[in-house]
Amino acid sequence: MPDPETSTLDLAVGAVGEVPLERYGTAGYAWEVMPPPAGIAELAILPRAGGAGTVGGATLEVLRLRAAAPGEHVVVLRLRRPWESTATRELRITVRAR
């Protein structure tokens, strides 16, 4: 698996944040969310407008989460096909909640 991609999200405790995602669903790829830390709640991957307008185009999604406790929390997502054991991408999102 390649080196993880990183992103940072600054949120107030109780606030909701979003991170845009892309995947190639027609090729079988899906984002897998690793067990989230205790300071993160209401984690969900939802569809986003646009994308998949062309054959083989990316499916656009958004990761939505809520900062439930102050501190620095790392959310990890892996993009892989369900029948493969190795992910093709890993995304590490550091949520800084204040």
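This is a short tour of the structure, one selection at a time.

**The whole chain**

Keep in mind from the start that you are looking at a predicted model. Show the protein as a cartoon, and you will find seven strands and zero helices. Followed along the sequence, the pattern reads β-β-β-β-β-β-β. Switch on a surface: the protein exposes about 5600 Å², and carbon and sulfur atoms supply 53% of that area. Of its 98 residues, 34% count as buried. The contacts reach far along the chain as well: among those between residues at least 6 apart in sequence, 68% join residues at least 24 apart.

**The four-stranded sheet**

Next, select S1, S7, S6 and S3. These four strands form an open sheet in the order S1-S7-S6-S3, with mixed pairing. S1 and S3 are the edge strands, each pairing on one side only. On average, and ignoring direction, neighbouring strands of this sheet are turned by 25° against each other. As general background, strands of a sheet pair through backbone hydrogen bonds, either parallel or antiparallel.

Now focus on S6. S6 and S7 run antiparallel and are joined by nine bridges. S3 (residues 30-33) also runs antiparallel to S6, and four bridges join those two.

Three bridge pairs are handy landmarks:
- Select Glu32, whose bridge partner in S6 is Arg78.
- Select Val33, which stands opposite Leu77 in S6.
- Stay on Leu77 and look towards S7, where its bridge partner is Leu91.

**The nonpolar core**

Which residues touch the most other members of the largest nonpolar core? Select Leu63, Leu65, Val75, Leu77, Ile93 and Val95 to see them; the core has 17 residues. Strands S1 (5-11), S2 (16-23), S5 (59-67), S6 (71-80) and S7 (89-97) are the elements that give two or more residues to this core. S7 gives the most, with four residues.

For a closer view, centre on Val75. Leaving aside its neighbours within four places in sequence, Val75 is in contact with Pro37, Ile40, Leu43, Leu63, Leu65, Leu91, Arg92, Ile93 and Val95.

**Arg23 and its surroundings**

Move on to Arg23, in strand S2. Is this arginine buried or exposed? Arg23 has a relative accessible area of 19%, so it counts as buried, the cut-off for that label being under 20%.

Show the side chain and look for its polar partners. A polar atom of the Arg23 side chain lies 3.0 Å from the backbone oxygen of Tyr29. The side chain of Arg23 also makes a polar contact with the side chain of Glu61, at 2.9 Å. To see the wider surroundings, select Tyr29, Ala30, Trp31, Ala58, Thr59, Glu61 and Leu79: Arg23 touches these residues, not counting those up to four places away in sequence.

**Last stop: Glu42**

Finally, select Glu42, which sits in strand S4 (residues 40-51). What is the phi of Glu42? The angle is near 50°, a positive value in a residue other than glycine. In general, most residues other than glycine have a negative phi. Turn the surface back on to view Glu42 from outside: its relative accessibility is 56%, so it counts as exposed.

Methods:
Residues numbered from 1 in each chain as written. Predicted model: local features only at pLDDT ≥ 70, side-chain atom pairs only at ≥ 80, totals over all residues. Heavy atoms only, no water. Core = buried A, V, L, I, M, F, W, Y, C linked by side-chain atoms within 4.5 Å. Buried < 20%, exposed > 50% of the residue type's maximum accessible area, 1.4 Å probe, protein only. Contact = heavy atoms within 4.5 Å. Pairing = 2+ DSSP bridges. Polar contact = N/O pair within 3.5 Å; in protein donor to acceptor, adjacent residues only side chain to side chain. Areas by Shrake-Rupley, 256 points an atom, 1.4 Å probe, with all protein chains shown as cover. Axes fitted to C-alpha atoms, helices over the stretch in contact; angles between N-to-C directions.
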